Amino acid sequence: MKFLLATIMIAQLASAFRAPATTSTRRFIQSQNKRAAAFGVLNGESLTQQKYYHHGSLRQQPFLTTRRHMSDTVEEAAPAPAASTGYPFASIEPKWQAYWKENDTFKTPERRTTNEDGTVTKSKNKKKYVLDMFPYPSGAGLHVGHPEGYTASDVMSRYWRMTSHDVLHPIGWDSFGLPAEQFAIQTGTHPEVETKKNIANFKRQLQMLGFSYDWEKEVATTDVEYVKWTQWIFLQLYKKGLASQSEVSVNWCPALGTVLSNEEVINGLSERGDHPVTRLPLRQWVLKITEYADRLEQGLEGLDWPSGTMTAQEQWIGKSVGTEIDFNVDGLDDKKVTVFTTRADTLFGVTYVTLAPEHPLVSSVTTSDQKEEVDAYVTATSSRSDLDRTSSKEKTGVFTGGYAIHPLTNEKVPIWIGDYVLGSYGTGAVMAVPAHDERDYEFASKFGLEVKWVVEPTKKDGELSTEEAFTKAGVNVNSGEFDGMKTQKAKKAITAKLAEISSGGPKITYKLRDWVFSRQRYWGEPIPIYFPIDFPEGVEDSDVDPKVDGCEHTIRFDKPIPVDEADLPLTLPEMEDFSPGDDPAGCLARAKDWRYFQKDGKWFSRETNTMPQWAGSCWYYFRFLDPKNGESAFSPELDEDWMPVDLYVGGAEHAVLHLLYARFWHQVLYDLGYTKHPEPFQKLVHQGMILGSDGEKMSKSRGNVVNPDDVVEVHGADALRLYEMFMGPLEAVKPWQTSQVSGVVRFQNKLFNVVKEAAKNDASVEMDEETTKILHKTMKKVTEDIENMSFNTAISAMMVLTNHLTSLKDQVPREAAEKLTLMVSPFAPHLGEECWSLLGHDYTLAYHPWVEHDEALCVDNTVKMGVQVNGKTRGEIEIPKDADQEGAMAEAMKVQSVSNQLDGKDVKKIIYVPGRILNIVAK
């Protein structure tokens, strides 16, 4: 019981200790002190003062500590040990890193072998494919927040190897990206040069931290062979009809020479540099992810993902079941406005229709009287991003002068344009029902438009208020033949009526939009498409050269031709100027020797757009299976052996787009027969962000970035790993405090010294009953906690055991030291290997069987319980768990404080709940 309480309290207090110490945190710590005292954890020892941070200020606060050994208590923060008793990480860690590299310790095992007779023998072990979201190798290198997820996945990889699993644990680099290109523009250095330098630095840092990656599996999305297969997958999408060109309205920034995302445009200006941004139609490659919308939603079922991420995926897909409705345009017999709604029951409440400013019908429905005002509004709106328009609270719009015809009443309703309606979403038009839609109500209120109430609350929901939109379900009124119908019935009936008169019908839509796949930049995968070129009539191909300025020619973008797969990869041209320029075609359009080429006597032009950075990260988990394969992206045998990914660890910031795009590509490859698995990632875990010591996100501009190189130099890699896993729950957001690393350093030193003592002993030093029980309880808890990725409490349990073994001085049993060494090794692998060697083993512990506990030894035979006299606790007894009332009373009477309270009184009643309470009522 004391063991469990101490372990739980260490974990709870560690979490509270590292959070900004609000009033509630201080109360929590104080309450834990009281609870600890009540359970006898403190045993009357004094509290010491520990430092903690409160909103960035250094304060003092009592923290649960004691000098007793950790079988019963939480350890006091002691002074740092002398150098002679410390763990010499500076020499030990490089030694074991060299050993692992020399011996290919973490080489991925083959899961099938071909015998001499041609038969195949498959591994009997279960497999674990453990994957990190691979990093973008920035020039800044890692900060201490990055290794958190990598350490968590490494703990699991090392643990699973020791539990007889075949483990694939690879790493690579998401190395295309805008930062390297921007650096190239500023310095004239080729992006490839900077990228390779950054990769080398990242690799050094990861190896310094002792991660058990199979470096033979290393890939970079910029590798020529990797680019080849990324382009190959694009061609499969193209052949399947899922990649096509489209005129897409984009945010074009002439000053930056690129298309910006909605998030990068604020009030019509670029987020970087405050340059003007305009909306213009641009030829773009688009991947038809919407054709997989249903599959992407249905595929989530059965995955072990965080509920928030599942919800984010579902919301981004945004499946809506509703009704499509056609409104004819007054005076234009061949024109109609089509809208989609999930509230067909409110159709009789339509008082106007709103078009997006970019809707193709705007010019047709606008009258001459309104043209000037409408044109001005459309121009003003063109500089605003979709995100800017939809997030603005101010409702703006202009009346076009035109009217639509209501499909059921034949009434005329005015047609407006408003920037809150997006041409790229849905049909680009909405039927406005201000009585039953908050947005429409605000718009109508501002412009004095009619409000018609066609749904009223049911009797149980009270009276209808006309001071605000009523958006709940109810009963139809003022709706002709549909009056009196409840909402769901009215929806179905009105939808059926529209279908009957050919003015609409049932429809399923998605918020998800097709994926704009083009970038007008240099540093990305070239899109493997080219186009024929037309010259003026009478001009022969052999007589002209489109590379020459002034050569008149037309590139036939309407006739795309895929590059032959045998000609892949299509590589980037060498260039000296990487700036995009003011041409939306991008900087590759200036590489004329690369862009234009002849084939069979005819001139052609290559596509000058490149792929987005998302492309390489959509399928890298496949290439890790088979990175040296020159014949295919990956072999079907390795797909069968290793897929799907069993554990995928990465930041929650990738909860939507990366996961959605990767799943889309995967499902296409599944449909084409290249993989047997419908989903790529079975279990997903997001590590929480590690903030700076000021409680803010780490960034250069804030000056709060902590470099892991500095921490490793002072404390060692194992200390960094232990601290990041001990800071709190893996998924929690936590502030970094370098000063707190010393706590795990003390634990590390103590464990090292315990093992050194045990190494001096032989088998004659046996474990006593107390040590045996604590050891088996620790083995059980650490195993369960690792399985649940509750790493902070696993480390807490090992601290308890280590402190107990320390109390044994020179009588530390070798068996206990060996078990502790095995348990700590996934967290602190260098320490684990060194301790294993000290204990006389001449082989790595990386594949040694994991510890096993005896459940019978994890159960306490006795229990401590309070003794109350007249409802007040007067003492405590320790009795067998199955003790009866008579035995409990006998023990209680031996407690002086209890017998004093009963002296001279008659016992009237005894309330005894075995294992929980003994209350004696006496007068």
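The following dialogue explains how to read several features of this structure.

Reader: What kind of model is this, and how are its residues numbered?

Author: This is a predicted model, in which local features need pLDDT of at least 70, side-chain atom pairs count only at pLDDT 80 or more, and totals for chains, interfaces and linings use all residues. Residues are numbered from 1 along each chain as its sequence is written, and side-chain values use heavy atoms, without hydrogens and water.

Reader: How many helices and strands does the chain have?

Author: Helices (H or I, at least four residues) and strands (E, at least two) are DSSP runs, numbered from the N terminus. The chain has 28 helices and 36 strands.

Reader: What share of the residues counts as buried?

Author: A residue is buried under 20% relative accessible area, exposed over 50% and partly exposed in between, with a 1.4 Å probe and protein chains only. Of the 923 residues of the chain, 54% are buried.

Reader: How do the strands of a sheet pair?

Author: Strands of a sheet pair through backbone hydrogen bonds, either parallel or antiparallel. Two strands count as paired if DSSP finds at least two bridges between them. Here, an open sheet of four strands follows the order E6-E5-E29-E30, with parallel pairing. Its edge strands, E6 (165-168) and E30 (684-685), each pair on one side only.

Reader: Which strand is joined to E5 by three bridges?

Author: Strand E5 (residues 126-132) is joined by three bridges to strand E29 (residues 647-649), and the two run parallel. The bridge partner of Leu131 in E29 is Tyr648.
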